[in-house]
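Q: Could you take me on a close look at one part of this protein, the open sheet, and show me how its strands fit together? I would also like to see how that part sits within the rest of the chain.

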Amino acid sequence: MSRVLIIGAGLTGSVCACLLRRELQNKVSLVVWDKSRGSGGRMSTSRSPDYGSSSVDLGAQYISATPQYAKSHHSFYEELLSEGILKRLDAPVEGMMSNDGSSHYMTPLGMSSVVKHYLKQSGAELVFERHVTGLYRRGASWEVHGRGGEKEVFDAVVITMPVPQILQLQGDLTELLSPAQREQLDSVRYSSRFALGLFFPAGATIDVPWAVSYIANSPVIRYVAIDSRKRNTESECRGPSMVVHTSVPFGVQHLERDKEDMQPIILQELHNILPGLPQPISVKCHKWRYSQVSVSVPGCPGQMTVLSRPPLLCGGDAFTHSNYDGCVESALRLCDALKSSL
Ligand SMILES: Cc1cc2nc3c(=O)[nH]c(=O)nc-3n(C[C@H](O)[C@H](O)[C@H](O)COP(=O)(O)OP(=O)(O)OC[C@H]3O[C@@H](n4cnc5c(N)ncnc54)[C@H](O)[C@@H]3O)c2cc1C
């Protein structure tokens, strides 16, 4: 039985784990490490610290299936729809939304429920708060080092973290990259933005006709969603929740500032846009240094095989594009490559 480590409990890592389990069954033992306290990555759903049942999606907001992907990833959509993890997004959206015949879906339990579904299906051993710092080749295995001094040996490693973080890993990975691979990885670019999650008390009303609004005329804010309305989970006993994304130029301009410094500036702009907004009981601010991929690996190959034996593969949205289907596509390519290497 091969022991496979997947680094990253985001969407790509979780779909990859699920596919490997379904295709290789008990021929593999799967382990997933993530530096965060929970799963989701950029599809994270955050709970209010003092208002447990309310939550907001701080990263990805909804899933849009183009007609092509609705067809080629039909089984993925069918599975999530039949389990009730995805539902049609029919709450009102104001402003930009793709007009290319895409179908839009929301997640009643938050975007991280998609990732959690795949991780559960995979039966993988999950280790959170395990920050990988380096990868060292030891004969036919990989020795993987964690920030806390942990060392474990695996037969194969799949890395799904953002590319700049892959390039920071110590050990043998960067040495093994061919000049062409290095150039491809160096060319990857991400947008950056800040996100705010706001939690309001039960009974608070947000008097706007939309659930999601793309803001066209603010230098600070690009997107506001009443998350509970978007997900159709508003109730009298639970207060509404809201998510705010800044514009990319604002995110890039203030990338090196602390999120604590940016929170009041974003809140002030939110009150300018929505003057009657009730007082939130709690606010969370998050900096997405690697938000969405603006330049992906040339040719969007889905994965990069750094070494076939012992297998070391890289994947994630940087190898395709930044959305649900991009991650599924990358996971499919990773799974194919790993099967042939094992
Ligand atoms: C603000 C925002 C809005 C978005 N909106 C949408 C949307 O509406 N619809 C949509 O489909 N997509 C959207 N996206 C894009 C989507 O979220 C991403 O494409 C997708 O989540 C990427 O998944 P991934 O698994 O490839 O990477 P990630 O989710 O980044 O997963 C990588 C994981 O690796 C972990 N990690 C990193 N370094 C280490 C380390 N050293 N050791 C261990 N673990 C590590 C991270 O903690 C993370 O969990 C949005 C993204 C953002 C940020």
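A: Let's start with β7, which runs parallel to strand β17 (residues 212-214) and is joined to it by 2 bridges. If you want a pair of residues to click on, take V93, whose bridge partner in β17 is V212. Do keep in mind as we go that this is a predicted model.

From β17 we can step across to β18. These two strands run antiparallel, with 3 bridges between them, and a hairpin of 6 residues makes the connection from β17 to β18. V212 is useful here again, as it stands opposite A225 in β18. So V212 is the bridge partner of V93 and also faces A225.

Next comes the step from β18 to β19. This pairing is antiparallel as well, and 5 bridges hold the place of contact between the two strands. I226 and M242 mark the spot nicely, with M242 of β19 opposite I226. As for cover, β18 is mostly buried: that holds for 5 of its 6 residues.

Now put the pieces together. The open sheet has 6 strands, in the order β7-β17-β18-β19-β16-β20, and its pairing is mixed. Its edges are β7 (93-94) and β20 (282-288), each of which pairs on one side only. A helix belongs in this picture too: α10 (residues 259-273) lies across β16, β18 (221-226), β19 (241-246) and β20, and runs at about 115° to β20.

For a look inside the sheet, pick A195, which is found in strand β16. Is A195 buried or exposed? It counts as buried because 24 other C-beta atoms lie within 10 Å of its own, where 20 or more are needed. Leaving aside residues up to four places away in sequence, A195 touches L58, V243, V244, H245, H286 and W288. To get a feel for distance along the chain, compare A195 with L338: they are 143 residues apart in sequence, and their C-alpha atoms are 35 Å apart in space.

Let's zoom out to the domains. The domain assignment gives domain 1 (2-47 + 109-189 + 297-341) and domain 2 (192-291). The C-alpha centres of the two domains lie 31 Å apart. Where does the ligand lie? It lies between domain 1 and domain 2, because both give residues to the shell around it.

Strand β16 (193-199) comes back into view here, since β16, α1 (11-24) and α11 (324-341) each supply at least two residues of that shell. Of the 38 residues around the ligand, the ones that come nearest are G8, G10, G41, A60 and N323. Sorted by class, the shell has 15 nonpolar, 18 polar and 5 charged residues.

Away from the sheet, helix α4 (residues 112-122) is worth a visit. It is mostly covered, with 8 of its 11 residues buried. The buried ones are S112, V114, V115, K116, H117, Y118, L119 and S122, and they pack against α1, β2 (28-33), β3 (45-47), α3 (74-82) and β9. After α4 comes G123, which has a positive phi near 65°.

Finally, here are a few backbone details to check on screen. Most residues other than glycine have a negative phi, and most peptide bonds are trans. E129 has a positive phi of about 55° although it is not a glycine, and its place is in the loop between β9 (125-127) and β10 (132-138). E129 is partly exposed, because 13 other C-beta atoms lie within 10 Å. C300, also not a glycine, has a positive phi of about 45° and belongs to the loop between β21 (293-295) and β22. C300 counts as partly exposed because it has 15 C-beta neighbours inside 10 Å. The peptide bond joining R309 and P310 is cis, with omega about -5°, and P310 is found in the loop between β22 (303-307) and β23 (312-315).

Technical notes: Residues numbered from 1 in each chain as written. Predicted model: local features only at pLDDT ≥ 70, side-chain atom pairs only at ≥ 80, totals over all residues. Near = placed C-beta within 6 Å. Helix = DSSP H or I, 4+ residues; strand = E, 2+ residues; numbered from the N terminus. Nonpolar A, V, L, I, M, F, W, Y, C, P; charged D, E, K, R; others polar. Domains from an automatic or database assignment. Buried ≥ 20, exposed ≤ 12 C-beta atoms within 10 Å, placed from the backbone. Pairing = 2+ DSSP bridges. Contact = placed C-beta atoms within 7 Å. Axes fitted to C-alpha atoms, helices over the stretch in contact; angles between N-to-C directions.
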